[in-house]
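Work through the following exercises with the structure in view, and try each task before you read its solution.

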Amino acid sequence: MLKIENVTKYYGDFKAVDNLSFVVEPGEIFGLLGVNGAGKTTTFRMIMGLLEPTEGTITLDGKPIDYSVTDHIGFLTEERSLLTKLTVLEQCEFYGTLKGMSNEKIHERLNYLLEKFGVLEYKNKKIKELSKGNQQKIQFITAILNEPKLLILDEPFSGLDPFNVELFKNEIVEMSKRGSMIIFSSHRMEHVELFCKKIVVIMRGSSVLEGYLTDIKDKYRKKNILIKGNLDVDAISKIKGVISIEALADEYLVKIEHNNVSNEVFKAIKNTNITKFVVEEPSLNEIFVSKVGESYEK
Ligand code: ATP
């Protein structure tokens, strides 16, 4: 289990992380979210042992972070950091050795992963000769070479086509099923929603929203209704609790204050020619934007 307890980090006088606590259990894919400058990278760097917390503790399976612990952590950084003059094999030998892997294990695991990701043919090519997407695959393979207990993924899908996003996604889910803890960070909420059950949203270094995504969505009272048909937009917008109506390509999106308002909207349109009426949970993106907006106002 990864345990972050009351962690604070100052850079000089500036507090970048403020009394942050969260737990990631084995097998969990955990979303660490926040706007630019919220403190995500600082938190990752503390988990990796690259920065010392000013206050608080970080432990992995009960042990404070040191080299014996970081050997079991994989980190895919947002800014890509491949040794581009090396071949794929040389880069992985270098990284695997740093992580304490035997040469035999490195080769076995590398061949397996290169094959799985369809890039075996590049094994002896210099990294700088590969396309951006293939470099991204090599970076991912490098991060998971040692089958880490904890894998930190910062914007892992940037620059990938939908086919390769799927490939990465499957591997991440498989790793979590084998018991790895995964911390996933992305500004693309639709990606976060795809596989994170638990999230924490940080603003100015401290948590403003955390918990299971299903609970967060339940508690967030606002809902969306998708309606297809000829609507009296004026009449609906006057119903108490209707926040807005937006005409989409071939349907309307009606935002409401809470679930009960959907009955009123339904009553108002039930005698018209309607082919679709669906009440939906808000997207994580909507909740994120609204939560961040509230925090800016404070
Ligand atoms: P982004 O999404 O833009 O990558 P982030 O959430 O990863 O942002 P951090 O990089 O952790 O944010 O930065 C948090 C805050 O700490 C920012 O205000 C940043 O300017 C500041 N900061 C980061 N590194 C340093 C440093 N070495 N010295 C001083 N301030 C720093």
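**Exercise 1.** Find how far apart the closest N and O atoms of lysine 217 and glutamate 193 are, and decide whether each residue is buried or exposed, or in between.

*Solution.* In this predicted model, the closest N and O atoms of lysine 217 and glutamate 193 are 2.3 Å apart, and the two residues form a salt bridge, for which the cut-off is 4 Å. The next step is to place the partners along the chain: lysine 217 belongs to helix α8 (residues 213-219) and glutamate 193 to helix α7 (residues 189-195), so that the pair links distant parts of the chain, 24 residues apart. Finally, buried means under 20% relative accessible area, so lysine 217, with 13%, is buried, whereas glutamate 193, with 27%, is partly exposed.

**Exercise 2.** Which salt bridges does glutamate 174 form with lysine 116 and arginine 178, and where do lysine 116 and glutamate 174 lie?

*Solution.* Begin with lysine 116, whose side chain meets that of glutamate 174 in a salt bridge with an N to O distance of 3.0 Å. Because lysine 116 lies in helix α4 (residues 103-116) and glutamate 174 in helix α6 (residues 162-177), this pair ties together parts that are 58 residues apart in sequence. Then turn to arginine 178, which also forms a salt bridge with glutamate 174, with the closest N and O atoms 3.9 Å apart. As for accessibility, lysine 116 is partly exposed at 29%, glutamate 174 is partly exposed at 33%, and arginine 178 is partly exposed at 47%. Salt bridges that share partners join these three residues with Arg109, Glu147 and Glu171 into one network, and the count of salt bridges comes to 18.

**Exercise 3.** Describe the surroundings of the ligand, starting from the residues that come nearest.

*Solution.* There are 13 residues around the ligand, and Gly37, Gly39, Lys40, Thr41 and Thr42 come nearest. Sorting the residues of this shell by character gives five nonpolar, six polar and two charged. Both β2 (14-24) and α1 (40-47) supply at least two residues of the shell, and the largest share, three residues, comes from α1. For the polar contacts, look at individual atoms: an oxygen atom of the ligand is 2.7 Å from a polar backbone atom of glycine 37, a nitrogen atom of the ligand is 3.5 Å from an N or O atom in the side chain of tyrosine 11, and an oxygen atom of the ligand is 3.4 Å from an N or O atom in the side chain of histidine 187. The protein covers 59% of the 640 Å² of accessible area that the ligand has on its own.

Terms used: Residues are numbered from 1 along each chain as its sequence is written. This is a predicted model: local features need pLDDT of at least 70, side-chain atom pairs count only at pLDDT 80 or more; totals for chains, interfaces and linings use all residues. Side-chain values use heavy atoms; hydrogens and water are left out. A residue is near a molecule or strand if one of its heavy atoms lies within 4 Å of it. A polar contact is a pair of N or O atoms within 3.5 Å; within protein, one must be able to donate a hydrogen and the other to accept it, and residues adjacent in sequence count only if both atoms are side-chain atoms. Accessible areas come from the Shrake-Rupley method with a 1.4 Å probe; for residues, only the protein chains shown count as cover. Helices (H or I, at least four residues) and strands (E, at least two) are DSSP runs, numbered from the N terminus. Ala, Val, Leu, Ile, Met, Phe, Trp, Tyr, Cys and Pro count as nonpolar, Asp, Glu, Lys and Arg as charged, and the others, Gly among them, as polar. Buried means under 20% relative accessible area, exposed over 50%, partly exposed in between (1.4 Å probe, protein chains only).
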